[in-house]
Amino acid sequence: MKLSRREFVAAGLAGAAGLCVGGYPTRSNAAESKAPLPDEDGYRLWLRYAPPGDAAKIYRKVVQQIRVDGDSATMVIIRDELRSAIAALLGNAVPRIENGLADGTVIVGTPGNSALIRDLKWAADLGAVGDEGFIIRSTRVGNKPVTVIAANTEIGALYGSFHFLRLMQTGRPIGKLDIAERPALQLRLMNHWDNPDGTIERGYAGRSLWQWNELPGKLSPRYADYARACASLGINGAVINNVNADPRMLAPETLRKVAALADVWRPYGVRMYLCANFAAPVTLGGLATADPLDQKVAGWWKAKADEIYGLVPDFGGFLVKANSEGQPGPKTYGRTHADGANVLADALAPHKGNVIWRAFVYDDDIDPDRAKRAYIEFMRLDGKFRPNVVIQVKNGPIDFQPREPFHPLFGGMKQTPVIAEIQATQEYLGQAKHLVYLGTMWQEFFDSDTFAKGPGSTVAKVLVGRIHPSRITGMVSVTNPGTDANWCGHHFSQANWYAFGRLAWNPELPAEKIADEWTRMTFTNDGKTVAVIRDMMMGSRETFVNYTMPLGLHHMIGGDHYAPQPWNDRAPRADWTAVYYHQASTDGIGFDRTKRGDGAVAQYFPPVCDLFDDISRCPEKFLLWFHRCAWDYRMKSGKILWDELCAKYHEGAKQAAALQTTWQSLAGKIDPRRHKEVADRLAIQVADSAKWRDQILQYFAGFSKRPIPPSS
Ligand code: GCW
């Protein structure tokens, strides 16, 4: 069943979850018995398969045995997953049958590996779900009531199996299923910022998962566990190294290690991608230049691509950060980003690989305003890229700030495919210390109307190719799980990995539904507890914005991207300071990006550009992003700007404290270990939110020359 955001609310799922979901009373065993819950370390993520309470009784009728046809590695994975999951969920193992049928069989297969599936004659329906989609249907075969999970490919069958298990994990009905799903986007990729020395750029959960010293001979069990977690969400690829790419990642000995990792992931449908350093032909290949128009350079990339495909036949392609933050690129040789991307694209094309070229560029000779630069550089290259090039654009025009307006390249680029880059890592959103659920932030982004082709041209529609036809669609997330037992540092940061995967499958899924199912799978199926946690998550991003950078403020940090540093006025580049962005003075605060200012609003289609431009209509959440206002500017609330700003900071810090109190109230509902680990982090969050409030307000009071009103 696919619900739109509105239907989710209308169906009562948002409000009714505390009592009953999908017709089943949903109580956890723990709520029934009073036995203390066993400690958990979070390693099992959302794949814990805790018994779903009373629903299990009904499930036992539907799931009496399983039959998984085919014997490939993927089908074995499906069989093992179903068997162990069902045993855990139902409290009893169910037999596996190899052929034949009985009442209550769950059958999994593809037309290629199962005569039974072929005989169903579902070709037309299967045609509609494509290569990665699936059908789950309650039906009768040979007069036996069964559940069929069918797909065109084994990976589709794997996704369908995880979907079926998710229904049981979340207490949904499974007796009358008629589900057909296919992913809305083609590329659904993890972006790791891992370095060969085991460190992770902006990683907050331990060291890199990839043990380069041990590969290719020794394979950590975490490689398969990682791929399984990705597959459970439909994530179909991973870029395993930092975009600030070490050229040695393309060295022959490293590639053999990469190939071993790719072999583990293949049966889970997780394809391998690498970040390429643009200067590799020089640093690794010993050439005199990496000029993309040089024939030798083109030959080097071609040979490198051939070498990679010899080792990893389903290699996905290269991701490139070029001419950005000190990385080499085509501009180093007087060439354009298109020239650079195309030389790699030509090398990959014979193997059907893609080049993913990042638009995170901000050379200061392009425009004085960092927010405008990528749009200017890339719009003039639209249409100049090879068909297997896609441009990867961060959600906003600066850099993963707590709140940014959408990047104007979404909808702006017409002839070149654009995919979205979002960041689950919380670099600027409290890292692994603050509880911040990003589903709502991403929903705000996907729902933004670009007006590229009139009203309704949302970012989500642009991404799926409904606004400008697109050969390649996709979404990636900078997601930095590490060697911490719970993968992500903060137990709640797992929700951002989870939400990314679900949204990459369908960017129109409601953030609230995602939070609801994640909570059920990760913590508990106890309806009341679920409602409490879900509400904590749903408000958490706005809370973070309130106590850090409300009303369109951005980049008020220093190099750690964590603590408040509005006074930061010294950095190697002006656009790495804070004062460049907030521009506070005794006259006022904010960056004038209006038509009378630096004109950044003009990068948006009308009427978006007029809306942002007009101070009386500009959403106040973006006010100081687009406007420079006097301290006594009158806000919609009737308060002057200074008082409103103070109120936001006070409110944010209070909301953080409320998160802590609410979590305390759940003691006993969550296992003690995870409860404590989250509580410990909430204590840090509360203290830090007060620091943000106090330090920012004291600093700005020096300009506003007004007293800080007490918290109301
Ligand atoms: O936000 C910045 C980060 C850098 C990162 C860069 C990027 C990998 O601070 O650490 O570099 O973004 O996205 O390339």
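This is a short dialogue about reading a predicted model, taken feature by feature.

Q: Before we start, what should I know about the numbering and the model?
A: Welcome! Residues are numbered from 1 along each chain as its sequence is written, and side-chain values use heavy atoms, with hydrogens and water left out. The model is predicted, so local features need pLDDT of at least 70 and side-chain atom pairs count only at pLDDT 80 or more, while totals for chains, interfaces and linings use all residues.

Q: Let's begin with the ligand. How many residues surround the ligand, and which are the closest?
A: A residue is near a molecule if one of its heavy atoms lies within 4 Å of it. Here 15 residues surround the ligand, and the closest are Glu201, Lys321, Lys394, Asp399 and Glu427.

Q: How does the shell around the ligand divide into nonpolar, polar and charged residues?
A: The classes are fixed by residue type: Ala, Val, Leu, Ile, Met, Phe, Trp, Tyr, Cys and Pro count as nonpolar, Asp, Glu, Lys and Arg as charged, and the others, Gly among them, as polar. In this shell, eight residues are charged, four are nonpolar and three are polar.

Q: Which side chain has an N or O atom 3.4 Å from an oxygen atom of the ligand?
A: The idea to use is the polar contact, a pair of N or O atoms within 3.5 Å; within protein, one must be able to donate a hydrogen and the other to accept it, and residues adjacent in sequence count only if both atoms are side-chain atoms. The side chain you ask about is that of Tyr428. A side-chain N or O atom of Lys321 lies 2.7 Å from a ligand oxygen, and a polar side-chain atom of Arg358 is also 2.7 Å from an oxygen of the ligand. As for cover, the ligand on its own has 340 Å² of accessible area, and the protein covers 97% of that. Such areas come from the Shrake-Rupley method with a 1.4 Å probe; for residues, only the protein chains shown count as cover.

Q: Glu201 was among the closest residues. Which side chain makes a polar contact with the side chain of Glu201?
A: That is Asn242, at 2.9 Å. Asn242 sits in the loop between strand 9 (237-239) and helix 10 (252-265). Helices (H or I, at least four residues) and strands (E, at least two) are DSSP runs, numbered from the N terminus.

Q: Is Asn242 buried or exposed?
A: Buried means under 20% relative accessible area, exposed over 50%, and partly exposed in between (1.4 Å probe, protein chains only). Asn242 has 2% relative accessibility, so it counts as buried. In helix 10 you will find Ala259, which is buried with a relative accessible area of 7%.

Q: Now the strands. In which sense do strand 5 and strand 7 pair?
A: Two strands pair if DSSP finds at least two bridges between them. Strand 5 (residues 134-141) pairs with strand 7 (residues 178-181) in the antiparallel sense, over four bridges, and Phe134 stands opposite Glu181. Strand 5 also runs antiparallel to strand 6 (residues 144-150), joined by seven bridges; there, Arg140 has Pro145 as its bridge partner. The hairpin of strand 5 and strand 6 has two residues between the strands, and Gly142 in it takes a positive phi near 55 degrees.

Q: Where else should I look at phi, and at the peptide bonds?
A: Most residues other than glycine have a negative phi, and most peptide bonds are trans. Trp487, in the loop between strand 15 (474-478) and helix 18 (494-505), has a positive phi near 75 degrees and counts as buried at 0% relative accessibility. Gln583 has a positive phi of about 50 degrees, and Gln583 is partly exposed, with a relative accessible area of 30%. For cis peptide bonds, look at the one joining Leu215 and Pro216, with omega about 0 degrees, and the one from Pro606 to Pro607, with omega near 0 degrees.

Q: Last one: how many disulfides does the structure hold?
A: A disulfide is a covalent bond between the sulfur atoms of two cysteines. The cut-off used is a pair of cysteine sulfur atoms within 2.5 Å, and the structure holds zero disulfides. For Cys488, the closest cysteine sulfur is in Cys230, 10 Å away and therefore too far for a bond. Cys646 is in no disulfide either, as the nearest cysteine sulfur, that of Cys629, is 15 Å away. Both are buried, Cys488 with a relative accessible area of 12% and Cys646 with 1%.
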